[in-house]
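Here are a few notes for a colleague coming to this structure for the first time. Please read them with the model open.

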Amino acid sequence: MRTLVGTAALTTAAVGRSTIPSAGALKPWGASERDEWRTSRKVVRSYREEVLTKLEPLAEWWEVEKYGALSQDPERFPLYSVRSRRWEASRPSVLITGGVHGYETSGVQGALLFLQSAAAAYSESFNLLVVPCVSPWGYETIQRWNAQAVDPNRSFNPRGEVVAGRSFNPEAATEESAALLSHLEALGGRDGRFLCHIDLHETTDTDESEFRPAKAARDGVAFEPGTIPDGFYLVADVTNPRLDWHAAIIDAVRRVTHIAPADPDGTIIGEPVLQEGVIGIPSPRSLGLCAGATRPPYATTTEVYPDSPKADADICNRAQVAAITSALDFLLAERRAGGGAGGAAAKAEL
C-alpha cells in the first residue's frame, strides 16, 4: 500500500494539479460549485487522436457503431462500440468496457489493444462487444467524473441503495451510462444476454491526492485519507465471486505486472480480500457500477496500478489484455470440459 496524504483533514482549495471548489467547507456543492469545477478542468489529450483514429482500421473486420454522443459537444464526443460482425446465437457473448472513468488510461488503451492484437483469436468462440471509451470528456481532461461532476461508474443504477459512509454508493444517472444502457437494450437487451462482462479500470495515485478530496468537497464531508494499493487487483461480486475464474486471471496478469498485497487489516481500498488480488464488494448493480449493467454469470472489474515505478503504459495496457484473454481462456476451458460456461442464457442472440 502507499499512503500519499497526511492524516489531517484537507482544507486547502488546491489538491494535486487541480482546484477543488469549497474544499473543507463541509457543505455539498450546488450548481455554482459544479460549474466552477467544470470550467477549471483543462483538455490535456485528444479523444479523436488517441481513440477514434484507432477505431477506423478496425471497421474492416468488426462492426464499429456509433451509439450516441455527449450533448455538450456531440461532434467532439461521439460514443462508439465495436462488436463481432457475425453475431451468432450459438456462441456465448462477452462485454468488455473501458474508460468508464475517462482518466484511467489503460482501461481505454487496453481495450483497444485487445481489439488490435487478440480479439480475432476469440471471434469464432464468442460474440464480442467492446466499448473502449465510455467517458470521452473524462478521457480528454483526465478526470474521474463527467462534466457534471458525477461519477459515471456509480451512475448505472441511480435507484440503488445508498449506505451512509460507504465508499461505493450509487449516484445520479449520466449521459454516459444512459447511452450505454440504451445501446445494450437496442442490441437486444442486457440481462441474461452475456456470459461475461469485464470492466477495465485503474487505481491511481491521483485517486488519493485529487479525486477523493474532490468527492469529499462535493459531498460536503470531511476528507479522510486512505491508501493506494501497490499493484493489480480485481473487484468481485460477493454474491457471485467465481473465485477459480478470478484466480486464473490473477495468475495470468502476474506474468505482466505485480499483484497488490492486502493492507495490514486484510483489506484493499477498505474492502475485504477474498483471495490474493481479489476484493469482494456488494452486488455491482446495487452500487450503480458498470460491472452491474448486465447480469452475466461471470463479471469482474480490473484495477491496474499505473503509478508504480515497476510499471509503464505498455505494461498497464498488456495487463488489461492479459486479464481479458485469461478470463476468456478459462471460459473456453470450462466449456470444453462441460462446465456450463456457455449456458443457454449466455448464448441468447443480440
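1. Helices here are DSSP runs of H or I with at least four residues, and strands are runs of E with at least two, both numbered from the N terminus. The model is a predicted one. Under that numbering, H6 is followed by Gly 220, which has a positive phi near 75°.

2. Helix H6 covers residues 205-219. Its 15 residues should span 21 Å at 1.5 Å a residue, and the end C-alpha atoms are 21 Å apart, so the expected and computed spans agree. The helix has a kink of about 35° at Phe 211, shortly before Pro 213.

3. Both Phe 211 and Pro 213 are buried. Other buried residues of H6 include the acidic Asp 205, Asp 207, Glu 208 and Glu 210, and Arg 218 is also among them.

4. Which phi value does Arg 242 have? Its phi is positive, near 45°, in a residue other than glycine. Arg 242 lies in the loop between strand S10 (233-237) and H7. Its relative accessibility is 32%, so Arg 242 counts as partly exposed.

5. Ile 269 is not a glycine either, yet has a positive phi of about 45°. This residue sits in the loop between strand S11 (267-268) and strand S12 (271-275). Partly exposed is the right label for Ile 269 because its relative accessibility is 24%, and the class runs between 20% and 50%.

6. Val 238, Leu 243 and Leu 274 make a nonpolar surface patch of about 200 Å². Leu 243 belongs to helix H7 (residues 243-253) and is partly exposed, with a relative accessible area of 31%.

Note on methods. Residues numbered from 1 in each chain as written. Predicted model: local features only at pLDDT ≥ 70, side-chain atom pairs only at ≥ 80, totals over all residues. Heavy atoms only, no water. Patch = residues over 30% accessible without salt bridge, like charges linked within 9 Å, V, L, I, M, F, W, Y side chains within 5 Å. Areas by Shrake-Rupley, 256 points an atom, 1.4 Å probe, with all protein chains shown as cover. Salt bridge = Lys/Arg side-chain N within 4 Å of Asp/Glu carboxyl O. Buried < 20%, exposed > 50% of the residue type's maximum accessible area, 1.4 Å probe, protein only. Expected span 1.5 Å × (residues − 1). Bend = angle between axes of the 7 residues up to and from the residue.
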